[in-house]
Structures are given as structure tokens and as C-alpha cells.
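Biologist: I would like to learn how to read a protein model. Could you take me through one, feature by feature?

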Amino acid sequence: MKKQIYTQIEKLLAYGVQKKLLPLADVDYSRNQLLDRLGLDAPMIGETLPETNEPIYDILAPILDWAADNGLLEANTVTYRDLFDTKLIDALLPRPSTVIDHFFRMCEQQGPQAATAAFYQFCKDAHYIRTDRIALNESWLAPTPYGDLEITINLSKPEKDPVAIAAAKKVAPSDYPKGLLAKENVGFAGRATHPARQNLRLIPVTLGNEQWYMQFSPYVYYEEHAIVLFEKQRPMQITADTFTRLLEFVQQYTHYFIGSNADLPIVGGSILSHDHYQAGKHTFPMAKAPLKKAFTLKGYPTIKAGIVKWPMSVIRLASADPASLKAAATAILSAWKTYSDPSLDIYANSDGTPHNTITPIARNKSGMFELDLVLRNNRTTKAHPLGLFHPHADVHAIKKENIGLIEVMGLAVLPGRLKQELAELATVLPSANAAEQIAQNEAIAKHKEWALSLKEQKPNLTTANVEALLKQEVGRLFTTVLSHAGVFKDTDSGEAGFIRFLKKSDLI
């Protein structure tokens, strides 16, 4: 076993050279760093590095097993293995300044699209983006009246580690780094309550005369899933400056979209304490959706505007002039923040607490800039204590969490439990006594109503087609989730309410 650890060290070094993470001139330095982190005095090496085509996680696994056997891990769990393997990978990687210099050289020589693609590959090679776990996610397209929605069952994030949870209780609280989005995460060794980030690199971006940084998400949900974060911690806030930053970003990175979660609880994202956006190289279903009603904004005759055919309430603006788009978007935001329509249960505030805000998304289509403004409201009621414009109780079996930016645009990120629950439903649903079997199974009883409704609607449901039909039905349910989040429903009365808002706000 001891000989194997030396072999794996050499494989790890060979991997670093092969992936161009590690120059040959730095191999001896990196080897010594690895030996030190593994508590070894001297290597057992041949004359040349071995050839290897193994992925990084297969090279690391035996090293982590050896580290656990030799007392280098606090516990042999996912949390502590992740902390230790990131420490090892750090020995192969260039300094942040080197990565930044390389990125901007590529931007100048080959363009931003080549630069982001290379940076994305670097983050995968550096095992910051854990491709082995992301591959566990299950994804499919679901046809709906709004086009094909993208469905993902999220299996990539590791489950909570009981050992780490117990250990965290004994550790004094720390506010460093200030959350997962702080720029100070670069190089951070991590702890039981905070992931290691020695393999994280950030790219500086100037937006609205402010310093921002771009990184990729470690658990990407789409191609080049980027996060753009402010240099300091400040709360999320949607203002006129938001539109400036989004539009400036897509002028710099024309191949990316960028969007912001809403800035209020329930309708906002999971991290409202740090101002940030999400971006990437992906065309979401909402971006493909057509306008169902066009209109002309007062004061902005050159802007193409309209209501998008979508289950949520979306105004789309398009123009070659970013300044006019910003002004129009600001006018719409200002109008919406103070707008109420009791006939549709829309109230701008309750006792001074604001309810209305916007989820904005920007794109650059060959110099024609596009802003989608999704109207949001976070009011709660006795009937819907988690949110009136939030997934209602009848769809909680599929999705109970906030509808953030990614879901708004038509990509469902559904809980990992659904994989097993859908498999169990597929087993029992074709049976004659499906109702009884579902009711008696605690794991799937919550799905009984919609599953039996599907069985009734599909008399041709069999063991051969049940999985496909269940996936289609999950897509239908996600459409319902989005419609619940829409303030103006995709109905005649909802459209009339939408037009009423535009007219009463003197926008059209």
C-alpha cells in the first residue's frame, strides 16, 4: 500500500503536467509540497513521470484512502475527504495572478469566448468543478405549452455529513470568509462548516465603475455556469444600477447571458446577503419563448417591448441602445414596486414592508440588447403561508423551495429524493391496486394525487412507458410551479391585469 501512495503522487503530478496546470519546471517543487501534506519524507520515483489518462477523482481516491488509514483525515467522510483532496490539488495549481494574466491574454488574442472556455476547463481540471458528481444529476426535456422545459434532479451535492455537523458544534463561530461568495475564499483551506477553496480562482470584472469578480459554480447546472460577485459583502438589491451592470457585462461577454435573483425573501435566491449575479453560456427555455403581446413604451418608441408567452409574468425589452434600455427598465421597476391590484391579490407592501420586486436577465444578440424583467411578489397569506406567488402546497411534493433565477428561466432544479421516489412510483403505478400501494408507502404517499390522476388520464400506461410518462408529468407540474409564481397568470383575466398595470403606471 505504501508503494501505491508514491505511484499515485507521480500520477497526480503527471496529471497536472498533462492538463497544463503544472509546468515541468515546477514538478519537483510540487512533489515536495505533496510529500509534506502527506507526511512523507522522500519520494520513490522513476526517471520520468508516468503516462496516465485517469480522471482526477480516480487518481485522488487511493490517496484519500491511504490518508484516512494513516490518520491524516479527521474522519473518512465526504466532508473531510473534500477538505484534504483540495489541499493536495493546490500543490499543482498556478497562483491566482497567473490565472488572471492568462485569462486576459486569451481575451486579447482569441476573444472572451475562448478565454471563458479555457477558464471553465481549468476549473474542471483543477477539480473545483467536480464533474464526477455533476454527472450523477438526472436531466431531461419536458414538452409543455411553453416549449421544452429543462428538468434536473440534483444529485451532485453531497448529503449533510453527520460527523462534520457534530464537529461544527464544537468549533467557535467564524465570520471569515464572510460567506461562500466572499472573494477571500480564494485559497481558503476550509473547515467542517465551510468548503475548502484552495482550487478556486476568480477573474476581476469592472461593472458600473465597481470591482466585481467572476467565478464558476462548483456544481454547475448548465454550460459555463458563472457567478459574478461584488468585491465586498452587501445585500442583494435591484436598482437602476443593476441594469447598468447587467448590460455592461453582456457588452464585455457577448456570448453570455447574465441575470439577478430577486432581492426579497421567498422570491429571491438562497444568498441574499451578498450582491451577486449568475451568468453563463446557455440559452434557457424562457429566452426562446416568443412575445404573446407587443406594445410601445411611452417615451421609448425605439424599444421593442412586449409580454412574453411564459407561465410567469415577464416583460421583454430589446434595443441596440443600452442607455435607453436601462432607463425603460428603471421606469418599469419603479412603477412595479409601488403597484397594487387587490382584484388579483397583488399588494405592493404590508405595513411598510415591500412585496414587489423584479428578477432581471440580460442578453446580447449580435448587438441587439435584450432585458427580460420578471415581476415578483413575496406576499404570504393564511392559505399560502410560504408565499402566495410561490409553489403552492399541491406541488410541494415536486418543488417546495424558492423559485430563483434558474427556475424562472425554465430549468427546474429538483430535490435528489425524487430519483428514488419516481422509481418507486414507476414500479407500482401500472398495478391494479396502485392507489393502495402508494398510500401505504411513506416515501411516495405525498405523490398520490397527481400520480393517480396521471394513471386515470393515461389508460395506456404500462411498465414499458411509465417512466417516460412520469417524466412528462414532472414537467407539467413544474409548469404549474412557475404559474403559481406568476403575479399575472397566463389567462384572459391575468393578461387584462398585466395590461392594466402598464396603463395605470403610464408605461403605455
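Modeller: We will go through a sheet, the helices packed on it, some aromatic rings and two charged residues.

Modeller: First, some ground rules. This is a predicted model, where local features need pLDDT of at least 70 and side-chain atom pairs count only at pLDDT 80 or more, while totals for chains, interfaces and linings use all residues. Residues are numbered from 1 along each chain as its sequence is written, and side-chain values use heavy atoms, with hydrogens and water left out.

Biologist: What do labels with H and E stand for?

Modeller: They are DSSP runs numbered from the N terminus: helices (H or I) have at least four residues, and strands (E) at least two. Two strands pair if DSSP finds at least two bridges between them. Here, an open sheet of 3 strands has the order E1-E2-E15, with mixed pairing.

Biologist: Which strands stand at the edges?

Modeller: Strand E1 (138-144) and strand E15 (411-414) do; each has a single partner strand, so one side of each lacks a neighbour in the sheet. On average, neighbouring strands of this sheet are turned by 25° against each other, direction ignored. Such angles come from axes, which are lines fitted to C-alpha atoms (for helices over the stretch in contact); angles between N-to-C directions run from 0 to 180 degrees.

Biologist: How do the strands pair, parallel or antiparallel?

Modeller: E1 and E2 (residues 147-153) run antiparallel and are joined by 7 bridges. These two strands form a hairpin with 2 residues between them. Pro143 has Asp148 in E2 as its bridge partner, and Ser139 has Thr152 in E2. E2 and E15, on the other hand, pair in the parallel sense over 4 bridges. There, Thr152 has Val413 in E15 as its bridge partner.

Biologist: What packs on the sheet?

Modeller: Packing is read from contacts, meaning heavy atoms within 4.5 Å. Helix H13 (residues 417-428) touches E1, E2 and E15, and its direction makes about 105° with that of E2. H16 also packs on the sheet, touching E1, E2 and E15, at about 100° to the direction of E2.

Biologist: How many residues of H16 are buried?

Modeller: Buried means under 20% relative accessible area, exposed over 50%, and partly exposed in between (1.4 Å probe, protein chains only). In H16, 14 of the 20 residues are buried, so this helix is largely enclosed by the rest of the structure. E2 is mostly covered too, with 5 of its 7 residues buried.

Biologist: What span should H16 have?

Modeller: The expected span of a helix is 1.5 Å times one less than its number of residues. For the 20 residues of H16 (residues 466-485) that gives 28 Å, and the end C-alpha atoms are 29 Å apart, which agrees.

Biologist: Now the rings, please. How do I read an aromatic pair?

Modeller: Rings of Phe, Tyr and Trp (its six-membered ring) pair if their centres lie within 6.5 Å; planes under 30 degrees apart count as stacked, over 60 as edge-to-face and the rest as tilted. The structure holds 22 aromatic pairs. Tyr176 and Phe188 form an edge-to-face pair, 5.9 Å centre to centre with 80° between the planes. Tyr176 is partly exposed at 43% relative accessibility, whereas Phe188 is buried, with 14%. Phe257 and Phe284 are another edge-to-face pair, at 5.2 Å and 85°. That pair links distant parts of the chain, 27 residues apart, and both of its members are buried.

Biologist: What about the two charged residues?

Modeller: Here we need polar contacts: pairs of N or O atoms within 3.5 Å; within protein, one atom must be able to donate a hydrogen and the other to accept it, and residues adjacent in sequence count only if both atoms are side-chain atoms. Glu407 lies in helix H12 (residues 405-408) and counts as buried at 8% relative accessibility. Its side chain makes a polar contact of 3.0 Å with that of Lys399. Leaving aside neighbours within four places in sequence, the contacts of Glu407 include Val413 and Phe478.

Biologist: Which side chain does Lys11 join in a polar contact?

Modeller: Lys11, found in helix H1 (residues 2-18), joins the side chain of Glu54 through a polar contact of 2.6 Å.
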